[in-house]
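Reader: Hi! I'm new to reading protein models and would love some company. Could we go through this one together?
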Amino acid sequence: MKEENKKFDITVKSNTRDLFAFTKLVPNRKKRFEKASNEPITKDPMNKLAVRLHPLRQYLVISDIKNETNSTKTFKLTPDPNSNTKELAYFRAGQYLSLKVQVNGVAITRPYSISSTPSDALKGFYEITIRKEEHGFLTEYIWDNWKNGTKVESSGPEGYFFYEPLRDLEQIVGIAGGSGITPFRSIIKEIAEGKLDAKITLLYGSSEEADIIFYDEFKEIEKNNPSKIKTVYILSCDVVSLEGCEKGFITKEIIEKYCDANSSTFFICGPQIMYNFVEEELNKFKLPVKRIRREAFGEVKDILTNPDFPKEVAEKIFKIKVHIGNLLKEIPAIATESVLIALERANLNPPSKCRSGECGFCRSLLIDGKVYINPVSDWRKGGDKKFNYFHPCASYPISDLEIKIPRDI
Ligand SMILES: Cc1cc2nc3c(=O)[nH]c(=O)nc-3n(C[C@H](O)[C@H](O)[C@H](O)COP(=O)(O)OP(=O)(O)OC[C@H]3O[C@@H](n4cnc5c(N)ncnc54)[C@H](O)[C@@H]3O)c2cc1C
Ligand code: FES
């Protein structure tokens, strides 16, 4: 008993003396109050810490751009010296930043996972790795305009796609598709740095060899950390020349070949189409819900592919009466675009971060009319559903609407 106490540095005087010490707790506290200064605490350390960890905005500047593949670049972001962002918010590997960008006069947001590590943030930089989308509204703009010195405004770190030792098993299986590899770079590098006590087997699906991002970097990290990190590449194209790659898709058989599903926590990040496929394969293992973690996948590319979306409104343009503060504006809204996009097109600067129905930052009141809510992105609380609150990023107009939106802060 004594040994134990020594180990934890606890001094047990005697049971009765310790019990009596409690009787003095209240009078001792009173004495301390009497002695304390009556000056107000102007610099509350907890508030200061909260602002450092969760800044509303971070003002950044591009300090380096690296080509990863023909369609992917990594942007290094450092604090803009002409702003009041002096240091970067710390984060958990796997989180994202919501960028706020003016594209041809329209203010929009887009989430991007941080591909560098938390310790890089302490050194003064973040990296984000962006794939150019065909006809992508922001990514085409980025390819034409972003260069060293371009200023970029972002949120603080956001999202829940991170490893939590109290919840997750030590063995992670990362399932990535396309640009969904980016949060895993942060996680893998943090494991290699010895700062995340976990092991990872990464199953990374791509269409073509040329689309694989971070191949050489991951192979090097894997070589130096063979007991903690394993990467497997799965290619859906016909001709595969890379040694050791699998052909096809991430099926139950591939998962079984490389992982013990029953003693792993799965982390999935990629396009929606990959989730649909991989989740069916994972269902075959009958794992508890908490053992499969998913990153938000953003807005649905083509809502008409949702079987229960009312196809008869597909061609329609509805009117939305928008209350914002004391203003009332009427704007057009295309049925197949989210209400959030309609608000952005009308330049109303609506707040948003995840664009996936998850963060609640765009939460608004539906006063009148009907919206179609994408069921997989409906993360609203019961109370919100009851009192007609909705998330414009995950909702599509299917009649004329009247809504009340919050101002961006
Ligand atoms: C949590 C999360 C993390 C992500 N991380 C990454 C990452 O690390 N790397 C990466 O490459 N991607 C990432 N993404 C995807 C990323 O956020 C973007 O969706 C992607 O880069 C495509 O953006 P885009 O604007 O080019 O294309 P889209 O978002 O497909 O742009 C086209 C859309 O713009 C709309 N639009 C057209 N004109 C206007 C207008 N005038 N005003 C407003 N809207 C208009 C169209 O309706 C259309 O829906 C992530 C997504 C999520 C949810
Ligand atoms: S932006 Fe996150 S819920 Fe709409």
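Reader: Let's jump right in. In which sense do strand 13 and strand 19 pair?
Author: Strand 13, residues 317–324, and strand 19, residues 401–404, pair in the parallel sense, over four bridges. Keep in mind that this is a predicted model.
Reader: Okay! Which residue is the bridge partner of His323 in strand 19?
Author: That partner is Lys404.
Reader: And how do strand 13 and strand 14 pair, parallel or antiparallel?
Author: Strand 13 and strand 14 are antiparallel, and eight bridges link them. As one example, Lys319 has Pro332 of strand 14 as its bridge partner.
Reader: What holds paired strands together in general?
Author: Strands of a sheet pair through backbone hydrogen bonds, and the sense can be parallel or antiparallel.
Reader: How many residues lie between strand 13 and strand 14?
Author: Two residues sit between them, and the two strands form a hairpin. In the turn, Gly325 has a positive phi of about 55 degrees.
Reader: Nice. What is the order of the strands in the open sheet?
Author: The order is 14-13-19-15-17, so to speak from one edge to the other, with five strands and mixed pairing.
Reader: Why is one side of strand 14 and of strand 17 left without a neighbour in the sheet?
Author: Strand 14 (327–334) and strand 17 (389–390) are the edge strands, and each has a single partner strand, so one side of each has no neighbour in the sheet.
Reader: New topic: the ligand! How many residues surround ligand 1?
Author: There are 27 residues around ligand 1, and the closest are Arg110, Pro111, Tyr112, Thr139 and Glu337. By type, the shell divides into 12 nonpolar, eight polar and seven charged residues.
Reader: Which strand gives the largest share of that shell?
Author: Strand 4 does, with six residues. Strand 4 (106–113), strand 5 (126–131), helix 6 (137–145) and helix 11 (339–345) each supply at least two residues of the shell.
Reader: And which polar backbone atoms does ligand 1 have at short range, say for Pro111?
Author: A polar backbone atom of Pro111 is 2.7 Å from an oxygen atom of ligand 1. A nitrogen atom of the ligand is 2.9 Å from a polar backbone atom of Thr129, and an oxygen atom is 3.3 Å from one of Phe137. The protein covers 83% of the 980 Å² of accessible area that ligand 1 has on its own.
Reader: Which domains is the shell drawn from?
Author: Domain 2 (51–154) and domain 4 (305–404) each provide at least three residues of the shell. The domain assignment also gives domain 1 (2–35) and domain 3 (171–294).
Reader: What distance separates the centres of domain 3 and domain 4?
Author: Taken over C-alpha atoms, the centres of domain 3 and domain 4 are 34 Å apart.
Reader: One more residue, please. Is Lys353 buried or exposed?
Author: Lys353 counts as buried because its relative accessible area is 12%, and the cut-off for buried is under 20%. Lys353 is in the loop between helix 11 and strand 15 (364–368). Its side chain makes a polar contact of 3.0 Å with the side chain of Glu158.
Reader: Last one: how many helices and strands does the chain have?
Author: The chain has 12 helices and 19 strands. Of its 409 residues, 47% count as buried, and the C-alpha trace spans about 80 × 65 × 45 Å along its principal axes.

Note on methods: Residues are numbered from 1 along each chain as its sequence is written. Chains are lettered from A and ligands numbered from 1 in the order in which they are written. This is a predicted model: local features need pLDDT of at least 70, side-chain atom pairs count only at pLDDT 80 or more; totals for chains, interfaces and linings use all residues. Side-chain values use heavy atoms; hydrogens and water are left out. A residue is near a molecule or strand if one of its heavy atoms lies within 4 Å of it. A polar contact is a pair of N or O atoms within 3.5 Å; within protein, one must be able to donate a hydrogen and the other to accept it, and residues adjacent in sequence count only if both atoms are side-chain atoms. Accessible areas come from the Shrake-Rupley method with a 1.4 Å probe; for residues, only the protein chains shown count as cover. Ala, Val, Leu, Ile, Met, Phe, Trp, Tyr, Cys and Pro count as nonpolar, Asp, Glu, Lys and Arg as charged, and the others, Gly among them, as polar. Domain bounds come from an automatic or database domain assignment. Two strands pair if DSSP finds at least two bridges between them. Buried means under 20% relative accessible area, exposed over 50%, partly exposed in between (1.4 Å probe, protein chains only).
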